[in-house]
Each structure stands twice: as structure tokens, then as C-alpha cells.
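I opened this notebook to keep track of what I looked up, one topic at a time. Each entry sets down what I wanted to know and what I then found.

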Amino acid sequence: MKRDIQKLVNNKYDVLVLGAGIHGASIASSCAQSGLRTALIEKKDFGHATSANSLKIIHGGLRYLQHLNIKRMRDSIASRKLMMKQAPHCVRPLSCLIPNHGKGLHSNFLMRIALSANDLVGYDRNADIPDSHKLERGKVICRSKLQKLFPTIVKAQTTGASIWHDVLAVNSERLTFSFVEEAEKQGAVVANYLEVMQILSPSKENKSIRVRDSLTGDLFSIRTKSVVNACGPWGELLPGVPSASAPTSWAKAVNIVVKRELFPGYAVGLTGEPQFSDDDSVLKKKGRFFFFVPWRGYTMIGTTYKPYRFSPDNVRADAADVDEMIALVMEIYPEAQLTRDDVSFAHAGLVPMVKAISGDESEVQLTKESLIIDHGLGKDKTTGVYTIKGVKYTTAPKVASELTDKICSLLQCTEKSAKTNKSGSCHTPQTNLEAGLIPVAFSYLEQRYGTSAVQVLPYVEKSDRLLSEVPLFRAGEVIYMVEEEMACTLSDIVFRRCGLATAECPPVAVLNEIAVVMGKLLHWNADQQDTEVKKVLAFFAAWQ
Ligand SMILES: Cc1cc2nc3c(=O)[nH]c(=O)nc-3n(C[C@H](O)[C@H](O)[C@H](O)COP(=O)(O)OP(=O)(O)OC[C@H]3O[C@@H](n4cnc5c(N)ncnc54)[C@H](O)[C@@H]3O)c2cc1C
């Protein structure tokens with residue numbers, strides 16, 4: 001995958017996708033698979049924004065059962081399946097558990113019915129899925145079994161627990177990237193570090209997008225018949241996007257990552273005690289609900305949501321967010337005995353919200369459904385311009401599929417059926433010939449790159465020096481990431497290509513070592529290498 005600006009300028013596209021979070025990436029992949037001439041551009045690195053800041057749960061939508069929203073459940077299940085097929089190396093089944101209590105909605109009896117209904121709605125959840133990734137049926141376990149499993153969460157009122165199975169994106173950054181790769185494999189032209197400055201729509205069939213190359217400062221235009229604005233919280237700020245009648249409100253969502261596995265093998269959902277909203281209040285606020293998700297020996301905990309009214313460029317977790325999270329975890333599960341020293345990472349991103357539902361704005365009502373805005377239908381009648389408001393990482397492939405159908409019908413494509421592969425081909429890792437060369441390293445490469453491991457192998461063989469302190473990580477991989485995966489900065493490598501900095505700050509010596517390898521390829525002098533290392537360290541300093 002090469003960053004080819006000339007190709008972007010020289011061609012005219014059926015669809016140009018702006019923004020490569022999970023929505024933009026899956027839309028580009030779906031459009032390219034449908035035979036549309038597709039381009040995807042991103043102002044920073046692929047998947048660097050909200051999509052790199054999730055709790056990594058690819059939901060089947062059990063909780064939508066409460067509202068009998070079967071369509072939303074089916075959409076979630078279909079998207080989850082597509083992700084499992086497309087990038088099995090980035091995901092794995094996740095057992096989820098919540099304690100049951102009382103005689104109402106959370107009783108053993110009603111939860112048993114809910115879990116059966118969940119299995120029924122997801123009857124085809126395992127169709128064409130590799131055996132290693134098949135999801136078991138849900139079940140209710142009794143109090144004494146829960147006592148053996150996790151004694152610290154059994155309270156006086158606990159009657160048992162509900163267990164169901166979702167999917168964990170073990171490597172959500174590479175999962176997003178797998179959609180970018182798939183788009184490119186299907187013929188799309190993709191490039192990072194290209195910022196959209198303006199959308200010009202002089203006619204139905206001709207649109208011109210002014211773009212700035214952030215690496216060189218060059219300005220140029222890309223021609224296209226249709227445009228998809230998948231810029232998330234930045235979407236409404238793009239010059240040339242028809243203004244929405246009601247601008248979106250955004251909530252800042254925060255998770256923390258702690259260095260201990262609190263509940264090995266299970267994502268456990270716990271609810272805190274209901275609180276009175278103030279001293280005179282007779283109404284109780286609902287207890288806060290957090291998931292504790294096991295991930296690579298760490299636990300991700302979240303999520304808090306608060307209204308956010310500033311520039312999306314400034315969203316990051318700060319020390320106050322981390323302190324607040326620790327205090328809330330200690331209310332919900334004091335046995336965790338969390339302190340600042342336990343926290344190794346913090347996620348923060350913006351999600352669309354409907355309104356704040358408490359005076360102190362500590363609770364918000366989130367937008368439930370993703371939205372495809374067709375600006376051709378509004379007052380502006382800008383045909384062929386679409387804005388996506390995505391609410392979940394999970395459902396991005398479903399949104400992509402719906403939007404592809406709209407664009408195909410707008411452009412009256414004929415080729416669509418020829419290339420369509422919406423169910424996603426199953427990308428089973430290859431373990432035959434190549435495994436003979438350097439077996440241990442190859443299975444490790446497959447875990448990171450899936451089927452692309454075969455392409456990485458020659459780089460690793462040519463430059464097989466191990467980077468100190470990082471098991472199995474070789475200089476050749478860094479070279480591959482720069483030359484074939486468009487990694488342009490040290491942050492691109494450590495946050496989004498190799499995952500070295502996605503759980504905690506890597507040792508400075510390792511960062512320096514990678515910066516030296518990159519520097520040789522990208523002609524960085526010693527100062528530039530140093531600046532790259534400092535940028536990674538600054539990320540962690542923001543909340544430590
Ligand atoms: C803390 C947290 C936890 C979450 N947990 C979960 C979960 O467990 N499961 C789940 O399903 N969902 C979860 N979500 C929701 C999910 O992460 C988001 O819905 C999803 O990532 C949004 O993706 P997106 O592509 O719409 O936006 P983004 O990922 O923000 O992508 C938008 C992209 O547009 C680019 N862009 C902006 N302006 C321009 C421009 N001018 N030119 C070019 N590019 C531009 C940006 O750089 C960015 O990369 C969570 C969210 C948060 C914040």
C-alpha cells in the first residue's frame with residue numbers, strides 16, 4: 001500500500017470517502033467491493049481518532065432486547081460477523097457476565113428468557129465463522145457457581161449471573177486498518193495525512209474536494225461524482241458540507257486501562273449503588289454501570305460520558321478524568337483497590353448524544369442509531385453528498401453496506417453485483433509453506449497481520465534484528481510498516497501498527513530504537529527523531 005498523491009489527482013472517482021475512522025474505512029471497503037471507483041483520505045493517520053478509543057467490545061446487542069429493537073440487534077450481529085470473517089486475527093470471542101438479583105428484569109428467571117431470545121435472534125451468528133471464533137449460547141449460573149468464579153462480586157441480593165458471548169477487538173487499531181487494506185485490495189486509492197479543506201459541488205456529477213497534504217503543505221483537488229463525509233465529530237465543521245438543521249451535540253467518553261486482570265476470562269458488568277442527585281433530592285439517580293474488560297493481561301474499564309462543547313481536536317483524557325474514573329470504580333467495585341499507579345492508559349473520544357439527563361451533567365442520553373444524512377434530500381439539494389453519524393464501532397459495516405446501496409442506486413452502477421462480497425470473505429490465516437521458514441516468528445506475524453503476514457515475511461528475513469525489550473518485534477516489521485502500511489510518524493507505528501503503546505508507555509529506549517530505524521527511511525535527523533519520541537511521551541504525560 002503506497003501513498004500515491006498523483007494517482008488521486010489524475011483520476012476521477014465515483015465516491016470519495018473523507019475520514020478513515022471505522023466508518024470511513026468500512027464504507028471505502030464496501031464501495032470498492034461493489035465495483036465503485038473509490039478513494040479514501042484521512043487528515044491524520046488511519047483510525048487515530050474516536051475509533052482508537054473504544055472499549056473494544058463488538059456487541060451483538062443483547063441490551064437492545066430491552067426495547068425489543070430486533071433490527072438493531074440483527075444489524076449488530078451481521079456487522080460483528082463481518083468483522084470476525086474479515087479480520088479473525090484482530091478479534092476473539094469474549095465471555096460477558098453480569099450478576100443477577102431480585103425478581104424483576106435482572107432476576108435469574110427473566111435473564112434466562114432474555115438470553116434464549118438473544119440466541120434466537122442471533123441464530124446464524126456462527127455461520128461461516130472459523131471454529132476458534134464460534135460463539136456459545138448464553139446461560140444463567142446459580143449464586144454458588146458465581147461464588148466460586150468471582151466471590152468478590154456476590155452481594156446479599158445476588159441470585160446468580162448471566163453469561164453471554166460477544167467479541168473483543170483484541171487489536172481494534174489493526175481491525176480498522178484491515179478495512180483500509182481491504183478497500184485498497186479491492187482497487188480503492190487510500191492515503192493518510194491528507195486534510196480536506198473544502199467540498200465544492202458545482203454540479204450533480206462533478207464535485208471537487210480541496211485537500212492539503214499535511215506532510216508537504218501542498219494543496220490540490222480531487223474530482224469525484226459523490227462524497228461521503230465520515231469525519232465523525234469534525235464532519236459538521238467541514239467547509240462546503242450543507243449545514244444540518246440541528247447541529248449534533250457530542251459527549252466525551254472516557255475509559256481507563258489498568259495493569260491488572262481483575263476478572264480473568266470475563267468482561268464483567270457491575271452497577272454501583274443508586275445515588276441521590278443532591279442532598280434535598282427525593283429522586284435517586286440510577287447506579288453507574290461499568291464494564292471491566294480483560295485485554296492482553298490488563299483490564300479496560302468504562303465508560304463515562306459528559307457533554308463536550310469544545311473543538312474535537314482537543315479531546316483527550318486528562319488527570320481529572322482519570323481521577324474521576326478511579327473514584328467511580330471504587331464506588332462500584334471497592335475490592336479493586338485502584339490507585340493512580342494502576343492506570344496505564346486512558347481512552348477519550350466523542351460520541352453523539354441527545355441531551356444531558358442530570359443537572360450536574362454527569363449523565364447523558366446517547367444517540368441510539370447511526371444516521372446516514374443524504375444532503376440531496378434536504379433544503380440544499382446537494383445530490384451525491386452524504387454525512388455519516390456513527391454511534392457504534394460495531395455497526396460500521398452495516399452502515400457501510402446501506403450507504404453503498406444508496407450510492408450505487410444514485411450512480412446507477414451496473415458492475416455492483418460483479419464484485420459484491422458484502423458478507424466478507426473469510427480471511428483464514430495461512431500456515432502452510434511459510435511456516436517452515438521461521439515457524440515461531442511466522443505464527444506471531446499471522447497474529448498481527450493476518451493473511452498479509454506473507455508480505456511481511458521478506459522484510460523480517462531481510463532485517464531480522466530483534467528490537468531490544470520487545471519480544472519478537474524485528475526491525476524488518478518497522479520497515480514494512482513504513483514502506484507498505486503508510487506509517488509516517490513514530491506514533492503511527494507504536495499506537496496503530498504494532499500496538500506497543502496501546503496499553504502503556506513503552507520504554508524510551510525502545511521508542512528511540514524504532515525512531516532510528518524510521519529515521520533512516522524517512523531521512524529524519526537526530527532532532528526529528530527526538531521530537532517523534534517526545535510526542536509519544538507527551539500523550540501519556542497529559543493524564544499521568
Ligand atoms: C471511550 C469510548 C468507548 C467506546 N466503546 C465502544 C465499544 O466498546 N463498542 C462499540 O461498538 N463502540 C464503542 N465506542 C464508539 C465508537 O468508538 C465510535 O462510534 C466509532 O469509533 C466512531 O467512528 P467514526 O469513524 O465515525 O469516527 P472517527 O474514528 O472519529 O473517524 C473520523 C475520522 O475523520 C477524520 N477527519 C476529520 N476531519 C477531517 C478532514 N478535514 N479531512 C480528512 N479527514 C478528517 C479524523 O481524523 C478521523 O480519523 C466507544 C467510543 C468511545 C469514545
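**Entry 1, domains.** I began with the domain assignment, which gives domain 1 (5-50 + 173-247 + 369-419), domain 2 (90-169 + 248-366) and domain 3 (463-541). I also noted that the model is predicted, and I keep that in mind for every value below. For the pair of domain 1 and domain 2, I looked up how far apart their C-alpha centres lie, and the value is 33 Å. I then turned to the contacts between these two domains, and found that 11 residues of domain 1 are in contact with 11 residues of domain 2. On the side of domain 1 that touches domain 2, the largest share, three residues, comes from helix H6 (residues 172-185). Sorted by class, that side of domain 1 has six nonpolar, two polar and three charged residues.

**Entry 2, around the ligand.** Which residues come nearest to the ligand? Of the 41 residues around the ligand, I found that Gly19, Gly21, Thr50, Gly232 and Gly349 come nearest. By class, I wrote down 17 nonpolar, 18 polar and six charged residues for this shell. Coming back to the domains, I saw that domain 1 and domain 2 each give at least three residues to the shell around the ligand. I also listed the elements that each supply at least two residues of the shell, and these are helix H2 (22-33), strand E8 (194-200), E11, E16 and strand E17 (343-356).

**Entry 3, strand E16.** I chose E16 from that list and asked myself: is strand E16 (residues 298-308) largely enclosed by the rest of the structure, or open? Nine of its 11 residues are buried, and therefore I describe E16 as largely enclosed by the rest of the structure. I next looked for its partners, and found that strand E11 (residues 249-258) pairs with E16 in the antiparallel sense over nine bridges, with Ala253 standing opposite Tyr305 of E16. Strand E15 (residues 289-295) also pairs with E16 in the antiparallel sense, over five bridges, and here Trp295 has Tyr298 in E16 as its bridge partner. E15 and E16 form a hairpin with two residues between the strands, and in that hairpin Arg296 takes a positive phi near 50°. I also made a note of Thr303, which is found in strand E16 and is joined to Gly302 by a cis peptide bond, with omega at about 20°. I set this beside the general rule that most residues other than glycine have a negative phi, and most peptide bonds are trans.

**Entry 4, strands E8 and E9.** From the same list I took E8, which pairs with strand E9 (residues 207-213) in the antiparallel sense over six bridges. The hairpin that joins E8 to E9 runs through six residues, and I recorded Val211 in E9 as the bridge partner of Val196.

**Entry 5, two residues with positive phi.** I looked up Met486, which is not a glycine and yet has a positive phi of about 60°. Met486 lies in the loop between helix H12 (475-484) and helix H13 (490-497). His523 likewise has a positive phi of about 60° without being a glycine, and its place is the loop between helix H14 (508-522) and helix H15 (526-541). Are these two residues buried or exposed? Met486 has 22 other C-beta atoms within 10 Å, so I count Met486 as buried. His523 has 7 C-beta neighbours inside 10 Å, so I count His523 as exposed.

**Entry 6, Glu513.** I found Glu513 in helix H14, and with 20 other C-beta atoms within 10 Å, Glu513 is buried. Leaving aside residues up to four places away in sequence, Glu513 touches Leu467 and Ser468. I also checked Gln529, which is 16 residues from Glu513 along the chain, and their C-alpha atoms are separated by 9.6 Å.

**Entry 7, nonpolar cores.** Last, I looked up the largest nonpolar core, which has 65 residues, and found that Val91, Ala251, Phe292 and Ala346 touch the most other members. Apart from this core lies another, of 49 residues, including Val17, Ile22, Ile27 and Ala183.

How values were computed. Residues are numbered from 1 along each chain as its sequence is written. This is a predicted model: local features need pLDDT of at least 70, side-chain atom pairs count only at pLDDT 80 or more; totals for chains, interfaces and linings use all residues. A residue is buried if 20 or more other C-beta atoms lie within 10 Å of its own, exposed if 12 or fewer, and partly exposed in between; C-beta atoms are placed from the backbone. Two strands pair if DSSP finds at least two bridges between them. A residue is near a molecule or strand if its C-beta atom, placed from the backbone, lies within 6 Å of it. Ala, Val, Leu, Ile, Met, Phe, Trp, Tyr, Cys and Pro count as nonpolar, Asp, Glu, Lys and Arg as charged, and the others, Gly among them, as polar. Domain bounds come from an automatic or database domain assignment. Two residues are in contact if their C-beta atoms, placed from the backbone, lie within 7 Å. A nonpolar core is a set of buried Ala, Val, Leu, Ile, Met, Phe, Trp, Tyr and Cys residues joined through C-beta atoms within 7 Å.
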